[in-house]
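User: Could you walk me through this one slowly? I'm new to reading structures.
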Amino acid sequence: MCLINIAEGDNMELKKVGTEIFLLPAVELAPKLLGKLLCRCVDGNIIKARITEAEAYSGEEDTACHAHKGKTPRAGILWRRGGTSYVYLCYGMHEMFNVVSGLEDEPGAVLIRGVTGYSGPGRVTKAMKIDRSLNGDDMTVSDRLWVEDDGTEYKYHTSPRVGIDYATEEYRLKPWRFIADIN
DNA sequence: AAAGTGATCATG
DNA sequence: ATGATCACTTTG
């Protein structure tokens, strides 16, 4: 509906994001993703929307991170190289989309919680038609799912992460939710 | 405030 | 095999 569509021939300079920033630790990657364009191609149609909110999940020691339970079948993806997509089903109905962060064997990911027009991780995936069939895609080479940088940078503020009451207090309180200030 | 929905993981 | 839990959303 209100997704951003960049017309062909637009002179805005777009650059597909390669591996460099994805190799950063999750807590550094998450704010850098704010303002970037999340791009999805389905049935020949390209959908682009700007990322406005993201959360970092970082390392086995982070009790909120799926990597905390070790290399389980689902979470094993988190040990892959940054730029891999991690999509899983939550509450039986919501697909959650994350970008794996860091070097191979440094588990972590950034949950995309909002894009322009859509706030909430379940709404983001619904709007962009992202589901588990994209799990494991390398976003630096995929033609189904990738990230572009047009130079936009947002100021942002932080808060604790949402929906992780099960984590220990130390990690429950980490200000690893990054919210763009759009004025 | 509480249901809805099914995969995932730990337990047995 | 069974059961609790869950990076949520919608409805009342």
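Analyst: Let us begin with a term: a polar contact is a pair of N or O atoms within 3.5 Å, and within protein one of them must be able to donate a hydrogen and the other to accept it, while residues adjacent in sequence count only if both atoms are side-chain atoms. This is a predicted model, in which local features need pLDDT of at least 70 and side-chain atom pairs count only at pLDDT 80 or more, whereas totals for chains, interfaces and linings use all residues. Residues are numbered from 1 along each chain as its sequence is written, chains are lettered from A and ligands numbered from 1 in the order in which they are written, and side-chain values use heavy atoms, with hydrogens and water left out.

User: OK, what does the backbone of Tyr91 do with DNA strand B?
Analyst: A polar backbone atom of Tyr91 lies 2.5 Å from a base oxygen of DNA strand B, and a backbone N or O atom of Gly92 is 3.3 Å from a base nitrogen of that strand.

User: And which residue's side chain is 2.6 Å from a phosphate oxygen?
Analyst: That is Thr72, through an N or O atom of its side chain.

User: Which residues surround the strand?
Analyst: DNA strand B has around it Lys69, Thr72, Pro73, Arg74, Tyr91, Gly92, Met93, His94 and Arg132, where near means that a heavy atom of the residue lies within 4 Å of the strand. Of the DNA strand B atoms that come within 4 Å of the protein, 60% belong to sugar and phosphate.

User: Arg132 is in that list; which side chain does it make a polar contact with?
Analyst: The side chain of Arg132 makes a polar contact with that of Glu95, at 3.2 Å. Glu95 is in strand 5 (residues 94-100), strands being DSSP runs of E with at least two residues, numbered from the N terminus.

User: Is Glu95 buried or exposed?
Analyst: Glu95 counts as buried because its relative accessible area is 14%, where buried means under 20%, exposed over 50% and partly exposed in between, using a 1.4 Å probe and protein chains only.

User: Switching topic, how many aromatic pairs are there?
Analyst: There are three aromatic pairs, meaning rings of Phe, Tyr and Trp (its six-membered ring) with centres within 6.5 Å, called stacked if the planes are under 30 degrees apart, edge-to-face if over 60 and tilted for the rest. One of them is the edge-to-face pair of Tyr156 and Phe178, with 5.8 Å between centres and 70 degrees between planes.

Technical notes:
Helices (H or I, at least four residues) and strands (E, at least two) are DSSP runs, numbered from the N terminus.
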